[in-house]
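This report walks a new reader through two bound ligands and a few backbone details. Please look over the sequence and the structure before reading on.

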Amino acid sequence: MAEMNLRQALSKGLREALDNNDNVFLMGEDIGLYGGPYAVTKDLYKDYGPEKIIDTPIAESGFVGAAIGSSMTGMKPIVEIMTINFSLLAIDQIVNHAAKMHYMSDGQLSVPMIIRTVTGAGGRLAATHSQSFEGWYASVPGLKVVAPSNPNDALGLLRSSLNDNNPIIFVEHSMLYGVTGEVPEPYYETPIGLPKVIQEGTDLTIIAWSGMIPVAQDVELKLKEENISCELIDIRTLNPIDFELIFESVKKTNKVVILDEYWETGSFGAYISSVIQENCFDYLDAPISVVNSMNIPMPYSAELEDQVVPNTKRVLEKIKNKIGL
Amino acid sequence: MDKETAKKYLFDMIKIRQFEEACGRMYMQGKIKGFLHLYIGEEAIAVGSISELSKDDYIITHYRDHGHALARGMDPNKAMAELYGKVDGTSRGKGGSMHLFDSDLNFMGGHAIVGGHLPIAVGIALGIKKQKRKGLVMCYFGDGAVNEGEFHESMNLAALWDLPIIFYLENNQYGMGTHVKRSSANPEMLYKFADLYGMPSTKIDGMDVITVRDSAREAIEKIRKGGGPLLIEAMTYRFRGHSMADPSEYRENEEVQQWQKEKDPIELFKDYCYTNNILTEQETNQINGEVKTLIKECLEFAENSPLPDMSVAEDKIYNTNN
Ligand SMILES: Cc1ncc(C[n+]2csc(CCOP(=O)(O)OP(=O)(O)O)c2C)c(N)n1
Ligand SMILES: [Mg+2]
């Protein structure tokens with residue numbers, strides 16, 4: 001076991017990929033000489049050189065499309081889009097091209113690539129720089145979406161993504177890079193699609209991913225003080241999802257709250273909720289609650305931002321008022 | 001140049017410089033948060049070009065927007081309060097440093113998606129033309145933005161529709177940590193993109209406020225006489241990091257120091273004023289002092305302004321004035 005933070009786990013995974021597969025290369029804005037906007041690729045340029053670590057112009061649609069094309073010839077590009085907000089400039093390439101190529105060619109062509117990008121709020125970056133679009137991408141057949149919340153999963157999911165022959169949206173939350181944890185020394189992979197129970201409990205199932213995991217953990221601690229035992233599930237992957245593990249938990253606790261940093265309307269959390277109620281209706285003792293960001297473009301002011309995103313206080317209120325715990 | 005104009009230019013450039021220096025300090029103290037992009041080193045562009053605009057003209061710019069806003073006459077108190085996230089800010093604390101707006105001044109915003117405001121600038125020019133209004137659009141953006149498709153789409157639309165717009169490229173030679181030589185295939189020739197759209201363009205020294213003024217004046221006159229869109233590329237340099245989070249490992253310290261020593265737009269203009277007996281050192285010192293007071297006041301104003309509450313956050317998502 002080695003203790004490291006999420007940033008270091010990703011860096012380790014990227015180095016492994018570069019070392020083990022000659023067709024792997026990285027590209028993105030300021031990932032090289034600058035050291036990476038969030039320092040995930042720090043020193044890679046020095047160690048692997050400009051052929052492997054490509055600093056791109058600010059041209060998201062262009063370089064994402066180029067990555068797609070290169071992957072169709074057998075390359076394995078790992079693209080970094082600085083944040084998920086800027087992925088909107090490349091959304092045509094991602095949704096209309098990467099996601100469709102394999103299907104429309106009936107399997108003749110494949111797009112084995114990874115798009116790493118940064119999601120979420122918390123940086124006081126205001127309305128255009130604080131969004132959580134992973135749920136959008138998860139809704140598109142042909143794309144896989146992973147969103148690790150800790151170093152162990154980050155490395156394991158990065159390895160699985162490398163071995164997958166589909167376009168993968170690899171979502172990192174800007175507030176989680178410093179999260180530390182144990183990472184096993186022997187090689188392991190974390191399967192894409194498998195949620196994980198990160199805390200066992202009996203009274204309430206809390207489902208979350210990515211930046212909402214720390215909030216879920218805080219809520220779990222607060223409820224423990226009131227002798228309420230929570231089961232915490234990190235879904236880790238948004239598409240695909242193996243729901244069986246979630247159903248098992250719901251059948252045990254009979255109550256569910258889902259945390260989703262996206263806005264209320266059209267949230268991925270609401271989709272999870274609908275799947276649960278359709279499959280576990282008879283086991284539910286209370287309505288399923290979803291806690292989202294308020295339906296407000298993110299204000300800059302820190303005091304406002306902290307209230308707009310799902311926070312412990314708002315989650316606890318909802319658990320009391322809607323679920324009745 | 002007459003004394004009054006020289007005083008005004010110097011005052012405005014020093015105002016931007018000191019405002020930005022204060023922002024940098026307040027960021028370190030945690031009063032200003034998020035991304036903060038300082039305009040230090042590039043003051044001559046905003047002051048020299050915006051001073052040539054009239055009230056009817058529009059300005060739209062990117063996230064490095066404090067300089068343009070102040071040169072246009074935005075109240076520094078309100079700008080600073082916005083940066084503090086306070087209720088007396090230009091957007092009551094909802095926009096922050098990258099998103100300053102003042103519709104009374106036709107200041108259509110700082111915009112933080114690189115290249116995103118260029119098509120909007122075209123649309124504003126289209127609105128002016130269709131309504132047969134006076135005025136033109138001054139649209140500022142960086143060397144990084146020319147690599148986005150939106151730049152090229154906008155240039156073509158503006159030329160095709162013959163719109164009253166000046167594309168103002170502030171070439172500070174870096175997009176974050178990437179030098180233009182590493183991001184553009186033909187880095188010395190960015191202004192020549194205009195040729196392909198049949199648009200006139202020039203490349204100027206953006207550190208010399210008089211050169212900036214003259215080229216802006218010429219471009220504006222052309223448009224006022226019924227001419228179509230133009231592009232100006234002003235060569236400049238940012239003395240500070242891209243934002244406050246910049247590790248600054250992509251350029252040599254000597255490079256920065258050399259620009260600061262040889263091309264500081266404020267020092268160059270002071271020298272010009274001394275050499276031509278337009279201003280005395282005593283007069284420039286006095287301007288310095290006046291600005292100092294102004295900046296002190298705007299920090300106090302921002303400090304004392306209340307924080308917005310949730311009713312502010314929930315307000316203006318939709319226009320309810322239907
Ligand atoms: C579409 C998009 N991609 C990336 C970014 C991140 N980003 C912000 S500023 C910047 C550099 C822009 O450089 P330039 O246009 O030269 O302007 P400067 O900062 O030098 O004034 C980048 C990459 C962004 N805001 N929007
Ligand atoms: Mg630049």
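## Bound ligands and backbone details

Asn172(B) has a relative accessible area of 5%, so Asn172(B) is buried, the cut-off being under 20%. The model in which this residue is described is a predicted one, and Asn172(B) serves there, through its OD1 atom, as one of the protein donors of the magnesium ion (ligand 2). The other donors of that ion are Asp143(B), through OD, and Tyr174(B), through O, and the donors lie 2.1 to 2.2 Å from the magnesium ion.

Along the sequence, the spacing of these donor residues reads D-x28-N-x1-Y. Distant parts of the chain are thereby linked, since Asp143(B) sits in the loop between strand 3 (137–142) and helix 6 (149–160) of chain B, while Asn172(B), 29 residues apart from it, sits in the loop between strand 4 (165–171) and strand 5 (174–175) of chain B. Asp143(B) is buried as well, with a relative accessible area of 1%.

Ligand 1 is surrounded by 23 residues, and the closest of them are Glu60(A), Tyr63(B), Arg64(B), Gly144(B) and Tyr174(B). Because the residues around ligand 1 come from chains A and B, the site is shared between chains. Sorted by class, this shell holds eleven nonpolar, seven polar and five charged residues. The polar atoms listed below lie at the stated distances from atoms of ligand 1.

| Residue | Polar atom of the residue | Atom of ligand 1 | Distance |
|---|---|---|---|
| Glu60(A) | side chain | nitrogen | 2.5 Å |
| Tyr174(B) | backbone | oxygen | 2.8 Å |
| Ala145(B) | backbone | oxygen | 3.3 Å |

Taken alone, ligand 1 exposes 580 Å², and 97% of that area is buried by the protein. Tyr174(B) therefore appears in two settings, being among the closest residues to ligand 1 and also a donor of the magnesium ion (ligand 2).

Some backbone details remain to be described. Gln173(B), found in the loop between strand 4 and strand 5 of chain B, has a positive phi of about 75 degrees although it is not a glycine, and at 13% relative accessibility Gln173(B) counts as buried. Asn106(B) likewise is not a glycine and has a positive phi, near 55 degrees; Asn106(B) belongs to the loop between helix 4 (76–83) and strand 2 (107–111) of chain B, and is buried with a relative accessible area of 14%. In chain A, the peptide bond from Asn239(A) to Pro240(A) is cis, with omega near 0 degrees, and Pro240(A) is placed in the loop between strand 12 (237–239) and helix 9 (244–253) of that chain.

Definitions and conventions: Residues numbered from 1 in each chain as written. Chains lettered and ligands numbered in written order. Predicted model: local features only at pLDDT ≥ 70, side-chain atom pairs only at ≥ 80, totals over all residues. Heavy atoms only, no water. Near = heavy atom within 4 Å. Polar contact = N/O pair within 3.5 Å; in protein donor to acceptor, adjacent residues only side chain to side chain. Areas by Shrake-Rupley, 256 points an atom, 1.4 Å probe, with all protein chains shown as cover. Nonpolar A, V, L, I, M, F, W, Y, C, P; charged D, E, K, R; others polar. Donors = N, O, S within 2.8 Å, 3.2 Å for Na, K, Ca; no water. Helix = DSSP H or I, 4+ residues; strand = E, 2+ residues; numbered from the N terminus. Buried < 20%, exposed > 50% of the residue type's maximum accessible area, 1.4 Å probe, protein only.
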